[in-house]
Amino acid sequence: MPNTPMTVLVVGATGGIGRLVVAESIARGHTTRALVRDAAKAERRLPAETQVVVGDVTRPETLSKAVADADAIVLTLGSDGSGRSTPESVDYAGVRNVLAAPPGRTPRIALMTAIGVTARGSAYDHLLDWKRRSERLVRASGLPYTIVRPGWFDMNGPDEHRLVFLQGDERRSGSPSDGVIAREQIAEVLVQAVSAQEAVGKTFELVAESGPAPDDMNSLFAVLDQDAPAALDAVRDEANMPLELEPQRVRDDLDAVRAHGSASTSQT
């Protein structure tokens, strides 16, 4: 499938995976825009071809310039637990704020969360619950999306290059035994997902196992099951986070994102 140039916005662009997404997007010929809080830091870390836009996902009023006219948005947000950077304010509300920004068109969304995101009561419960809520926002938005749940970063063996896409989020031990994946591979999958029709509406866990890298990623997307229309959770996910038990502010956010998505779609 030929690569059609797009305008791709990367959110979380100066992070460990975001930087690789920017580089991969540029390498594939896309006009690549990076949302950053610190322009000087971005200039040090990102390729010279990057379009840098200063903004902060915790401040919705700063996002419209970055989102405007983007064909695709890749979200690689990750909180560090300090100050305002918490799972709720960044991993979740950051996604909410980007989705609520006035779009110039109907963008493709690629969201990175984590393998085991549906686990409840684990050591990572607080972080995972907010990441799962961010997935629900993306599904509720009405935008064409792909959600990627990578395994543990950069723990691959020297022969582990074969990409494996899983569904059902059954690997939830909270340890590398759930699966491993290189950051470079995550970036490749996220960038290819925003231009592959076979990836639309699909959620999957991403790990690498023994074997060579794939020649054709679209064939891996194609065999995945799509999420059910209007569903909050991914196909095959355990139904263990009832909406009626969610905080009222989370339910309100879902309603607002649905309304915003409906209004945006009707204008395109």
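Among lining residues, Ala, Val, Leu, Ile, Met, Phe, Trp, Tyr, Cys and Pro are counted here as nonpolar, Asp, Glu, Lys and Arg as charged, and the others, Gly among them, as polar. The model is predicted, with local features requiring pLDDT of at least 70 and side-chain atom pairs pLDDT 80 or more, while totals for chains, interfaces and linings use all residues. Numbering runs from 1 along each chain as its sequence is written, and side-chain values use heavy atoms, leaving out hydrogens and water.

A good place to start is the open space. A pocket is an open set of points on a 1 Å grid over the protein atoms alone, with protein on both sides within 12 Å along at least five of seven lines; a cavity is a set where a 1.4 Å probe fits but cannot get out, and lining residues have an atom within 4 Å of a point. Volume is the space filled by probe spheres set on the points, which are joined across faces, edges and corners. The largest pocket has a volume of about 1200 Å³. Its lining comprises 48 residues, with T76, L77, G78, S79 and K131 nearest the centre. These lining residues divide into 18 nonpolar, 18 polar and 12 charged. Helix α5 provides the largest share of this lining, 3 residues (helices, H or I, of at least four residues and strands, E, of at least two are DSSP runs numbered from the N terminus).

The whole structure holds 2 cavities of 30 Å³ or more. The second largest cavity, of about 40 Å³, is lined by L77, D91, V95, L111, M112, T113, K131 and S134. Its lining divides into 4 nonpolar, 2 polar and 2 charged residues.

Turning to the interior, the largest nonpolar core (buried Ala, Val, Leu, Ile, Met, Phe, Trp, Tyr and Cys residues joined through side-chain atoms within 4.5 Å) has 35 residues, and V21, F165, V189, L190, F204, L206 and F221 have the most contacts inside it. Elements giving two or more residues to this core include β1 (7-11), α1 (18-27) and β10 (202-209). The most, 6 residues, come from α6. Beyond neighbours within four places in sequence, L206 is in contact (heavy atoms within 4.5 Å) with residues including V148, L163, F165, I186 and V189.

In α1, the residues G18, V21, V22, E24, S25 and I26 are buried (under 20% relative accessible area, against over 50% for exposed and in between for partly exposed, with a 1.4 Å probe and protein chains only). The buried residues of α1 pack against β1, β2, β4 and α6. Just after this helix, G29 adopts a positive phi of about 90°.
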